[in-house]
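Have a look at the model below and turn it around a few times. Then we'll walk through it together, one piece at a time.

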Amino acid sequence: MGDSIPGTEGLTRRILRDETLLVLALSLGASGVSALISFVGSVTKPGGLKDQAATLNASAAPGRPWLDLAWQLFGIASALVPVALVAHLLMREGKGMRVIGFDRTRPWPDLGRGAVVAAVIGSTGIAFYLAARGFGANLTVVPEALPDVWWKFPVLILSAVQNAVLEEVIVVGYLLRRLGQLGWTPGTALMASAVLRGSYHLYQGIGGFVGNMAMGVVFVWLYRRWGRVGPLVVAHSLLDIGAFVGYALLAGKVGWLPTA
């Protein structure tokens, strides 16, 4: 079955390889395939990409707010199951989530670094999205289409945090650890993580793929520099909160923000 890898309680390369593939198949790897199919559908549809819309955080039960809320919370909770699986697998090594820096040992440095990263990437990301859409390389992204009910903004914030935790724990912390244990070079592992991040944003178009792949390179570099996923989760949460809540507040009120 392969040689045992030091520090993994006798687990072989084959077991860790299969484990990694299964985690991805249950989470963001499957999302990448889904996004690719969606992208093919968009580019083969008559009309330009910018005339089509990619809607996030849509109503799951229009006209039935309590049922809609139940579906929203279920979706958020179920999306975090792969993170719980990763926590279990890392605990099996006797390490736990602290080995990737997703714990409460350094809350203030994580918050501070994450806020700075979000401020830098946020402004650049908006400009890149508008440019990509202008060139016809991106769909019009509609970050939210929830009804105006009392739970709208709390759900948007929870959705943003869920995205951040899922992506940074799996695509950065877990994946880089496993690829390193499997003998991948740092450069190859960086590209694998970045391409994976870009792949599950393909439903937005080429701009979404390229922009998120670039963000993936930066995030891997920062993770290796700091040794912690925590700041990346903070940064990603703030970016998505800004996108979701900002769109809800500004859509139709400012001329520079595209709407469907």
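What follows is a short tour of some helices, the cores and a few single residues.

Keep in mind that this is a predicted model. Let's begin with helix H2, which covers residues 28–43. Its end C-alpha atoms are 22 Å apart, and that agrees with the 22 Å its 16 residues should span at 1.5 Å a residue. Which residues of H2 are buried? They are Leu28, Gly32, Ala35, Phe39 and Ser42. Look down the axis of H2 and you'll find these buried residues within an arc of 85 degrees, so they line one face of the helix. There's a general pattern to keep in mind here: an α-helix has 3.6 residues a turn, so residues three or four places apart point the same way. On the other side of H2, Val33 and Ile37 are exposed. As for partners, the buried residues of H2 pack against H1, H6, H7 and H8.

That brings us to H8. This helix has 21 residues and reaches 30 Å from its first C-alpha to its last, close to the 30 Å expected at 1.5 Å a residue. Its buried residues include Gly207, Asn212, Met215, Phe219 and Tyr223, and the buried residues of H8 pack against H5, H6, H7 and H9. Just after H8 comes Gly227, with a positive phi near 70 degrees.

Now see how H8 (residues 206–226) sits against H9 (residues 230–250): the two pack at an angle of about 145 degrees, with their axes 10 Å apart. From H8, the contact uses Met215, Phe219, Leu222, Tyr223 and Trp226; from H9, they are met by Pro231, Leu232, Ala235, His236 and Leu239. Sorted by type, the residues of this contact are 9 nonpolar, 1 polar and no charged.

Two of those H8 residues turn up again in the largest nonpolar core, which has 37 residues: Phe219 and Tyr223 are among those with the most contacts inside it, along with Val86, Met97, Ile100, Val169 and Ile170. Several helices give two or more residues to this core, among them H1, H4, H5 and H7, but H6 gives the most, with 11 residues. Tyr223 is a good place to zoom in. Leaving aside neighbours within four places in sequence, Tyr223 is in contact with Val99, Ile100, Val172, Gly173, Leu176, Arg228, Val229 and Leu232. There is also a second, separate core of 12 residues, which includes Tyr129, Leu146, Leu156 and Phe244. In soluble globular proteins, nonpolar side chains tend to be buried together.

Not everything buried is nonpolar, though, as three residues show. Ser237 lies in helix H9 and is buried, with a relative accessible area of 8%. Setting aside residues up to four places away in sequence, Ser237 touches Ala160, Val161 and Ala164. Gln52 is found in the loop between H2 and strand S1, and it is buried too, at a relative accessible area of 10%. With the same neighbours left out, Gln52 touches Ser42, Lys45, Gly47, Leu139 and Thr140; Ser42 is one of the buried residues of H2.

Last stop: Asn57, in the loop between S1 and helix H3. Why does Asn57 count as buried? Its relative accessibility is 15%, and buried means under 20%. Its backbone is worth a look as well. Most residues other than glycine have a negative phi, yet Asn57, which is not a glycine, has a positive phi of about 50 degrees.

Terms used. Residues numbered from 1 in each chain as written. Predicted model: local features only at pLDDT ≥ 70, side-chain atom pairs only at ≥ 80, totals over all residues. Heavy atoms only, no water. Axes fitted to C-alpha atoms, helices over the stretch in contact; angles between N-to-C directions. Helix = DSSP H or I, 4+ residues; strand = E, 2+ residues; numbered from the N terminus. Contact = heavy atoms within 4.5 Å. Core = buried A, V, L, I, M, F, W, Y, C linked by side-chain atoms within 4.5 Å. Buried < 20%, exposed > 50% of the residue type's maximum accessible area, 1.4 Å probe, protein only. Expected span 1.5 Å × (residues − 1). Arc of directions from axis to C-beta.
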